[in-house]
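Open the model in your viewer and keep the selection tool handy. We will go from stop to stop, and at each one you will hear what to select and what is there.

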Amino acid sequence: MVTTLYRIIKYGMKSFFRNGWQSVPTLSVMTLAMFVFLSLMLFNVFTNDVLVSLRDKIDISVYFQQTVSEDDILRVQRSLESLAEVKSVTYVSRDQALAAFRQRHQDDPTITQALDVLGENPLSASLNIKANDPKDFPVIAAYLGGDSLKPMIDQVTYNQNQVVIDRLASIVDTSQRAGIALTVILSIIAILVTLNTIILTIYSTRDEIGVMRLVGAGNKFIRGPYIVQGVLFGVFAAVLAIVIMMPIMYAASPYVRILLPDIDLQGYFYGNMGMLFGYELIFGILLGSVSSVIAVSRYLKL
Amino acid sequence: MISFQNVNKVYGDHLVALENVNFTIKPNEFVSLVGRNGAGKSTIIKLLIGEEKPTKGRIIFGPYEVNKLKPHELSILRRQIGIVFQDFRLLPTKNAYENVAFALEVEGRPQSEIDQFVPQVLDMVGLSHRAYNFPHELSGGEKQRVAIARAMIHRPAVLVADEPTGNLDPINTAEIIKLILKINELGTTVILVTHNKDIVNAIHRRVISVDSGRIIRDEEKGKYILA
């Protein structure tokens, strides 16, 4: 049993390396498939990061009446934090709001002078609320509109931003669904092309399979080396796809940074190299071995 | 040890390849199977090694009833028959040594036996110096000797040679036939399928003549006669 397994692996490797140039087309097609798979993984991460950073920018601000005490506002903050939909709540006091306002308009003398003339702080304290999901904002807005809180609140920005928030939420949803659909469709195409290429490769050796059967080789002994060969194709294709992706990441990263400053594509690529390569290996080995099994079984029928 | 009992084989609906074929081959016999192209010689061989199933009748090989074997049992049957073809049928991606060793490997024999037997058999067929050449680097006669070495390495009870000299020149033909006779003398049953009149007449062994799917003549020390 061990001897047979050893021989199957040995012959699989031998035929892989002896075929030389004959392996190149199959390897190219598989590398292409793996490359598509890798690109899709990166694309999904990329869109995900874009969405996360967009989501982070969405928030609701609640401005309180100037008469409301800080303690009351902090109580509201705690009650908001206890909601499942709420990700974080930041308190901005009147003084902080004024300081930020002055900072923002420090180059505009009319505004600073106007504030000085005014003498007192015209700004309200506020709470900035971020939700776990943009779709949850209506729930939070409804909570704020409740009878107990209503008298304290001067203004909720949600109502002004509602259209933007809703649209953003639907863009987020659609692009994620499109990403999944794209992944599925392109993966299926890659699998079919690879399968067909391997079937053609094995088709050229169908006479050999016939000879093996006549010499008395069992089906396992015939199929084994082809599976080993398919696995090797997968491994090599995975390595090649990663190697090809390296210069592309290097070239594309600066452009992505101009578009979206928060996203470091190359950094992500190298930082998650282990995981990406792992998925590539699993995908490649599955693709190669399953294709081989399907292809050989067509010529093993008795 | 081999016996065909009332064997009929019909391809499709009405292409009769064999009709009521009966014969028995005893251990250590040397039998020539002769006949025109399409007479049914190859069908007899295909039925013997289980590549085709008979439409009617029984085919006995040693302890096996070939017509009833399941696919996975066929590989075990075939390990007891050495087969040599006109077109050699070597594995093109393996060298001579590996082609011969393959017949032992399919049985799961240990490497030590392979290391011991393969050089012996290659020496017997006179190809020690070609062990590491691939089939495309060998001449026709050399290829056929590799095929014979592969057929004999696992010491099968029967050697089936299906027109083994069909692609060879007269000198190589004589050498291959000499080799097959030697194998027979060493105790292996041989079935030689041929339409080479000179060979059949020279060796003075049993001849079974087939014509249009029927056995028309079966003689000890026969001649090649097709009338």
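**Stop one: two packed helices**

Select B:Ala96, B:Asn99, B:Val100 and B:Ala103 in α3(B), then B:Val146, B:Ala149 and B:Arg150 in α5(B): these two sets meet, contact being heavy atoms within 4.5 Å. The residues of this contact divide into 5 nonpolar, 1 polar and 1 charged (Ala, Val, Leu, Ile, Met, Phe, Trp, Tyr, Cys and Pro count as nonpolar, Asp, Glu, Lys and Arg as charged, the others, Gly among them, as polar).

A word on the ground rules: this is a predicted model, in which local features need pLDDT of at least 70 and side-chain atom pairs count only at pLDDT 80 or more, while totals for chains, interfaces and linings use all residues. Residues are numbered from 1 along each chain as its sequence is written, chains are lettered from A and ligands numbered from 1 in the order in which they are written, and side-chain values use heavy atoms, with hydrogens and water left out.

Now show α3 (residues 96-105) and α5 (residues 140-152) of chain B whole; helices are DSSP runs (H or I, at least four residues) and strands likewise (E, at least two), numbered from the N terminus. Their axes, lines fitted to C-alpha atoms over the stretch in contact, come within 7 Å and cross at roughly 25 degrees. That makes α3(B) roughly parallel to α5(B) (angles under 35 degrees).

**Stop two: helices with a buried face**

Select α2 (residues 71-78) of chain B, where B:Leu74, B:Ser75, B:Leu77 and B:Arg78 are buried (under 20% relative accessible area, with exposed over 50% and partly exposed in between, for a 1.4 Å probe and protein chains only). Seen down the axis of α2(B), its buried residues fall within an arc of 160 degrees, so they line one face of the helix; the arc is that of the directions from the axis to the C-beta atoms. Their cover includes α8 (206-215) of chain A, and from chain B α1 (41-48), β4 (56-61), β5 (64-65) and β6 (81-85).

In chain A, pick α6 (residues 137-144): its buried residues are A:Phe137, A:Ile140, A:Ala141 and A:Leu144. They cover an arc of only 100 degrees around the axis, which puts them on the same side of α6(A).

**Stop three: two positive phi angles**

Which loop holds B:Arg155? Look between α5 and β7 (158-162) of chain B. B:Arg155 has a phi near 50 degrees, positive in a residue other than glycine, and is exposed at 61%.

Finish at B:His204, between α7 (197-203) and β9 (206-211) of chain B. B:His204 also has a positive phi, about 50 degrees, and is partly exposed at 40%.

Terms used:
Axes fitted to C-alpha atoms, helices over the stretch in contact; angles between N-to-C directions. Parallel < 35°, antiparallel > 145°, perpendicular 65-115°, else oblique.
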